[in-house]
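Colleague: Could you take me through one part of this model in close detail? I would like to follow a single helix and then see what surrounds it.

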Amino acid sequence: MTGSTPAQSLAGQPPGQDAKESWVPMIAIALGQVIMSFNVASLPVATGGMVKSFNVPPTTIATGIVMYSMLVAGFVMLGAKLNQRFGAVNVFRATVVLFGCAQVLMTFSPNATVVITAQGLSGAAAAAIVPSLVALIAEN
């Protein structure tokens with residue numbers, strides 16, 4: 001023995017006291033939820049400016065919002081299957097990168113078609129992020 005008392009656990013902690021875990025995974029999970037919420041909340045606010053910038057009707061910009069929502073709703077079960085097959089952490093990492101790239105594309109989009117495409121990519125990524133967030137929250 002290395003001088004530990006019988007009252008200490010194998011982890012070196014007194015009984016009834018858990019080892020301190022890092023908050024980094026939970027912070028990453030929370031930020032993942034924030035970016036998805038921000039995407040949905042910011043587009044309706046920016047619709048007027050986007051209509052003026054792209055010189056298109058508001059329904060065209062609203063199509064981007066619908067594209068995001070429909071892909072999330074339609075492919076969340078596929079995202080859950082990807083989580084089972086490849087692991088929640090791997091899927092979370094890959095889809096957050098995809099979501100970030102789609103948001104960069106959205107930011108620098110030259111026309112409404114690119115906006116709709118970027119929102120489609122964001123929706124596909126979010127469809128896999130949602131089940132991975134559930135798994136990661138339960139794990140951590």
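Modeller: Happy to, and let's take helix α4, residues 112–139. Please keep in mind that this is a predicted model. The helix has 28 residues, and at 1.5 Å a residue these should span 40 Å. Its end C-alpha atoms are 40 Å apart, so the expected span and the model agree. At the start of α4, a side-chain oxygen of Asn111 comes to within 3.2 Å of the backbone nitrogen of Thr113.

To place the helix in its chain: there are four helices and zero strands, and the pattern along the sequence is α-α-α-α. Of the 140 residues, 31% count as buried. If you take the contacts with a separation of 6 or more, 73% of them are accounted for by residues 24 or more positions apart.

Now to the interior. The largest nonpolar core has twelve residues: Ile29, Met36, Tyr68, Val72, Ala88, Phe92, Phe99, Ala125, Ala126, Ile129, Leu133 and Leu136. Each of α1 (24–54), α2, α3 and α4 supplies at least two residues of this core, and α4 gives the most, with five. Apart from this core lies another, of ten residues, with Met106, Ala112, Val115 and Ala118 among them.

Tyr68 is a good residue from which to look at the neighbourhood of α4. Setting aside neighbours within four places in sequence, Tyr68 is in contact with Met36, Asn39, Val40, Phe99, Gln119, Ser122, Gly123 and Ala126. One of these partners, Gln119, deserves its own look. Gln119 sits in helix α4 and counts as buried because its relative accessibility is 1%, under the 20% cut-off. With neighbours within four places again left out, Gln119 touches Asn39, Leu43, Gly64, Met67, Tyr68, Gln103 and Met106.

Two further positions on α4 show a different degree of exposure from Gln119. Thr117 is also found in helix α4, but is partly exposed, with a relative accessible area of 44%. From Thr117 to Met106 is eleven residues in sequence and 8.4 Å in space, C-alpha to C-alpha. Val134, another residue of helix α4, is exposed because its relative accessible area of 55% is over the 50% cut-off. The C-alpha atoms of Val134 and Ala80 are separated by 9.7 Å, with their positions 54 residues apart along the chain.

That pair brings us to α2 and its partner α3. For two packed helices, the usual description is the angle between their axes and the distance between the axes. Here helix α2 (residues 58–86) and helix α3 (residues 88–107) pack at an angle of about 145 degrees, and their axes are 9 Å apart. On the α2 side the contact is made by Tyr68, Leu82, Asn83 and Phe86, and on the α3 side by Ala88, Asn90, Val91 and Phe99. Sorted by class, this contact has six nonpolar, two polar and no charged residues.

Asn83 belongs to that contact and also ties back to where we began. Asn83 is found in helix α2 and counts as buried, because its relative accessibility is 9%. The Asn83 side chain reaches the backbone oxygen of Gly79 at 2.8 Å. Beyond neighbours within four places in sequence, Asn83 is in contact with Ala88, Val91, Ala128, Pro131 and Ser132. Gln84, also in helix α2, is by contrast exposed, with a relative accessible area of 64%. Gln84 and Ser132 are 48 residues apart in sequence, and their C-alpha atoms are 9.3 Å apart in space.

One last stop, this time in a loop. Asn55 is placed in the loop between α1 and α2 and is exposed, with a relative accessible area of 69%. Most residues other than glycine have a negative phi. For Asn55, however, phi is near 55 degrees, a positive value in a residue other than glycine.

Technical notes. Residues numbered from 1 in each chain as written. Predicted model: local features only at pLDDT ≥ 70, side-chain atom pairs only at ≥ 80, totals over all residues. Heavy atoms only, no water. Expected span 1.5 Å × (residues − 1). Polar contact = N/O pair within 3.5 Å; in protein donor to acceptor, adjacent residues only side chain to side chain. Axes fitted to C-alpha atoms, helices over the stretch in contact; angles between N-to-C directions. Contact = heavy atoms within 4.5 Å. Nonpolar A, V, L, I, M, F, W, Y, C, P; charged D, E, K, R; others polar. Core = buried A, V, L, I, M, F, W, Y, C linked by side-chain atoms within 4.5 Å. Buried < 20%, exposed > 50% of the residue type's maximum accessible area, 1.4 Å probe, protein only.
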